[in-house]
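I opened this model to look up a few local features and wrote down each one as I went. The entries follow in the order of lookup.

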Amino acid sequence: QFKLVESGGGLVQPGGSLRLSCTASGFTLDYYAIGWFRQAPGKEREGVSCISITDGRTTYADSVKGRFTISKDRAKNTVYLQMNSLKPEDTGVYYCGRGDYRDYPADFFIRGQGTQVTVSS
């Protein structure tokens, strides 16, 4: 069974930065897309960003464009989410999932426990 493990979350002040990691095991990233999702307290989970491992295409939610950057390291079987200029509304549990880039954000399998990001002064 494949696994995706998120890490890198924490407490940061507004305007700060964090880099999240999504490390895959049990499969190689090739031929898949990896998406980042987040869920704030009392809200539904939403798509944040996605990257196609095959061709590098990326997409971002409007709320994070220009501030977040998704990237991949095939050798480490890991996808990163660099988050800059963080805002309190970025607070939530961040998850990564595997799926098809054409379907994003629908039909992505999320297997990890997520990593908590809290933006607060």
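**Pocket.** I began with the largest pocket of this predicted model, and its volume came out at about 180 Å³. I then asked which residues are closest to its centre. Of the 13 that line the pocket, these are Arg38, Lys43, Glu46, Glu89 and Asp90. I also sorted the lining by residue class: eight residues are charged, three are polar and two are nonpolar.

**Thr91.** I next looked up Thr91, which sits in the loop that runs between strand S8 (78–83) and strand S9 (92–99). I checked its side chain for polar partners and noted two distances. A polar atom of the Thr91 side chain lies 2.9 Å from the backbone oxygen of Pro88. The side chain of Thr91 also reaches a backbone nitrogen, that of Val119, at 2.9 Å. I then listed the contacts of Thr91, leaving aside neighbours within four places in sequence: Ala40, Gln116, Val117, Thr118 and Val119.

**Cysteines.** How many disulfides does the rule give? I get a count of one. The disulfide is formed by Cys22 and Cys96, with the sulfur atoms 2.1 Å apart. I read 80° about the S-S bond, and the link of Cys22 and Cys96 is right-handed. Cys22 belongs to strand S3 (residues 18–25) and Cys96 to strand S9, so the pair ties together parts that are 74 residues apart in sequence.

I checked whether the two ends are buried or exposed. Cys22 has 2% relative accessibility and so counts as buried. Cys96, at 0%, counts as buried too.

Why does Cys50 have no bond to Cys22? The closest cysteine sulfur to that of Cys50 is in Cys22, and the separation is 11 Å, which is too far for a bond; the cut-off I used for a disulfide is 2.5 Å. Cys50 counts as buried, because its relative accessibility is 0%.

**Ser71.** My last lookup was Ser71, which I found in strand S7 (residues 68–73). Its relative accessibility is 30%, so I entered Ser71 as partly exposed; the class runs between the 20% and 50% limits. Not counting residues up to four places away in sequence, Ser71 touches Ile51, Thr78, Val79 and Tyr80. I also took one C-alpha distance: Ser71 and Val5 are 66 residues apart along the chain, and their C-alpha atoms are separated by 16 Å.

Technical notes: Residues are numbered from 1 along each chain as its sequence is written. This is a predicted model: local features need pLDDT of at least 70, side-chain atom pairs count only at pLDDT 80 or more; totals for chains, interfaces and linings use all residues. Side-chain values use heavy atoms; hydrogens and water are left out. Helices (H or I, at least four residues) and strands (E, at least two) are DSSP runs, numbered from the N terminus. A polar contact is a pair of N or O atoms within 3.5 Å; within protein, one must be able to donate a hydrogen and the other to accept it, and residues adjacent in sequence count only if both atoms are side-chain atoms. Contact means heavy atoms within 4.5 Å. On a 1 Å grid over the protein atoms alone, a cavity is a set of points where a 1.4 Å probe fits but cannot get out, and a pocket is an open set with protein on both sides within 12 Å along at least five of seven lines; lining residues have an atom within 4 Å of a point. Grid points are joined across faces, edges and corners, and a volume is the space filled by probe spheres set on the points. Ala, Val, Leu, Ile, Met, Phe, Trp, Tyr, Cys and Pro count as nonpolar, Asp, Glu, Lys and Arg as charged, and the others, Gly among them, as polar. Buried means under 20% relative accessible area, exposed over 50%, partly exposed in between (1.4 Å probe, protein chains only).
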